[in-house]
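Here is a short guided tour to read alongside the structure. It begins at the DNA and works its way into the protein.

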Number of protein chains: 2
Amino acid sequence: MDERRTDNGTDGDDEAAAVSRFVERFAAQLVQAGMTRMPARVFAALLSSEQGALTSAELSEQLKVSPAAVSGAVRYLAQVNLVGREREPGSRRERYRVQGDQWYDALLERDAFLRNWQTTMREGVQQFGLDTPQGRRINETLEFFLFLEKELGSLMQRWAAHRAEHLGG
Amino acid sequence: MDERRTDNGTDGDDEAAAVSRFVERFAAQLVQAGMTRMPARVFAALLSSEQGALTSAELSEQLKVSPAAVSGAVRYLAQVNLVGREREPGSRRERYRVQGDQWYDALLERDAFLRNWQTTMREGVQQFGLDTPQGRRINETLEFFLFLEKELGSLMQRWAAHRAEHLGG
DNA sequence: CTTTAACTTCACACATTTCTGAAAGAAGCG
DNA sequence: CGCTTCTTTCAGAAATGTGTGAAGTTAAAG
């Protein structure tokens, strides 16, 4: 009835296996959402880690993959702002950390993403013209993305408030 | 200065090429967003078509792919409610149509998607317990998805209103 | 300045995905 | 009831993606 503790030395293997199940399940959903497999597994592992941060070696061992694979995954994750890289001073070890405050934003990929779509739709509207059904249809899509951009901004603000209240008090 | 008309017989090839450019560009962004290539191309072609609907043969020719590929793509698109299938009475031809009203919802994949994530997060929280940093971190993620579910519902309602006013009103 | 530990890059092998051609399966039409 | 037209299924070829090992790069430590 109490198989959820981390600091229990007696069933370390079971615990590790249970963590692994959660990590792989979480990762699978990230994959389904469009993320590639290795970044997904690394991210899930970091989120499930006690400190929210792990070294390359720890990730490599826990996920049973080569350091090269970790390197590639982390490069991607850092690029999209899902993890940050830390250098512990006086050591070559690098430490990767989930960006607690940013990953909600990053998940919705608001900024660049929506802009690109809007550009494409604008071109489509211009190409077909508002006097064609296609043009009007594409224009409506453009409006949807403009609407989304506005709404997602305030949505994330509300989340920040909700979160601060719920945690910080 | 006026190279956007569809009903102009003199430059049909240029027009077709221009449409193709838009379709491929749009499709590429859908792919980037996680959709597989062929469904993305089919969807983009439908959205860019005058009636918002095309037959299998038309898609096959326009996209330069086999009927088999169209079949597979449409099966997927229908499953996720992005297109509907119509049978013109008295013909074996099937006609695929963009679901004008539904595809915004479908794009955000609200329902099933969020539920799955929530389930996974709940299991994570239970596994680690709220007395661990991991557990609290995962719990916050769970709360984010609950928040999102609620907010996206009202967001789509606002969009429906905005859209009705802008078009119908 | 050399050694050594850690991370990164790159070419390649393996796995997966994606599209095609061929054949089978429906559904109108004579 | 068979013929014809369109769609679907399926096995396999081609393209793509993914992770590894080995060599290369960087930076701390001696």
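## Around DNA strand D

In this predicted model, 19 residues lie around DNA strand D, and those that come nearest are A:Ser66, A:Ala68, B:Arg85, B:Arg92 and B:Glu94. Which part of the strand faces them? Sugar and phosphate make up 79% of the atoms of DNA strand D that come within 4 Å of the protein.

Three side chains of chain B are worth finding on your screen. B:Arg85 has a side-chain N or O atom 2.5 Å from a phosphate oxygen of DNA strand D. A phosphate oxygen of this strand also lies 3.3 Å from a polar side-chain atom of B:Ser71. For B:Arg92, the partner is a sugar or linking oxygen of DNA strand D, 3.4 Å from an N or O atom in the side chain.

Now for the elements behind this surface. At least two residues each are supplied by α4 (67–79) of chain A, α4 (67–79) of chain B and β3 (94–98) of chain B. With four residues, α4(B) provides the largest share of the surface near DNA strand D. By type, the residues of that surface are seven nonpolar, five polar and seven charged.

## Around DNA strand C

DNA strand C is likewise surrounded by 19 residues, and the closest are A:Arg85, A:Glu94, B:Thr36, B:Ser66 and B:Gly90. Of the strand's atoms within 4 Å of the protein, 79% belong to sugar or phosphate, while the rest belong to bases.

Both protein chains take part in polar contacts here. From chain A, a polar side-chain atom of A:Ser71 sits 3.2 Å from a phosphate oxygen of DNA strand C, and a polar backbone atom of A:Arg92 is 3.3 Å from a sugar or linking oxygen. From chain B, a polar side-chain atom of B:Ser66 is 3.0 Å from a phosphate oxygen of the strand. The elements giving two or more residues to this surface are α4 and β3 (94–98) of chain A, along with α2 (37–47) and α4 of chain B.

Which element gives the largest share of the surface near DNA strand C? That is α4(A), with three residues. The surface residues divide into six nonpolar, five polar and eight charged.

## The nonpolar core

Moving inward, the largest nonpolar core holds 88 residues. The members that touch the most others are A:Phe26, A:Phe43 and A:Leu59, together with B:Phe26, B:Phe43 and B:Leu59. As a general background, nonpolar side chains tend to be buried together in soluble globular proteins.

B:Leu59 makes a good close-up. Leaving aside residues up to four places away in sequence, B:Leu59 touches B:Val42, B:Ala45, B:Leu46, B:Leu54, B:Lys64, B:Val70 and B:Tyr96.

## Chain A as a whole

Chain A has seven helices and three strands, and from the N terminus on its elements follow the order α-α-β-α-α-β-β-α-α-α. Of its 169 residues, 43% count as buried. Among contacts in chain A between residues at least 6 apart in sequence, 49% join residues at least 24 apart.

## How confident is the prediction?

Chain A averages a pLDDT of 87, and 89% of the residues score at least 70. Which elements of chain A have the highest and the lowest mean pLDDT? Helix α2 (residues 37–48) of chain A has the highest, at 96, whereas helix α5 (residues 103–108) of chain A has the lowest, at 69.

How values were computed
Residues numbered from 1 in each chain as written. Chains lettered and ligands numbered in written order. Predicted model: local features only at pLDDT ≥ 70, side-chain atom pairs only at ≥ 80, totals over all residues. Heavy atoms only, no water. Near = heavy atom within 4 Å. Polar contact = N/O pair within 3.5 Å; in protein donor to acceptor, adjacent residues only side chain to side chain. Nonpolar A, V, L, I, M, F, W, Y, C, P; charged D, E, K, R; others polar. pLDDT = per-residue confidence, 0-100. Core = buried A, V, L, I, M, F, W, Y, C linked by side-chain atoms within 4.5 Å. Buried < 20%, exposed > 50% of the residue type's maximum accessible area, 1.4 Å probe, protein only. Contact = heavy atoms within 4.5 Å.
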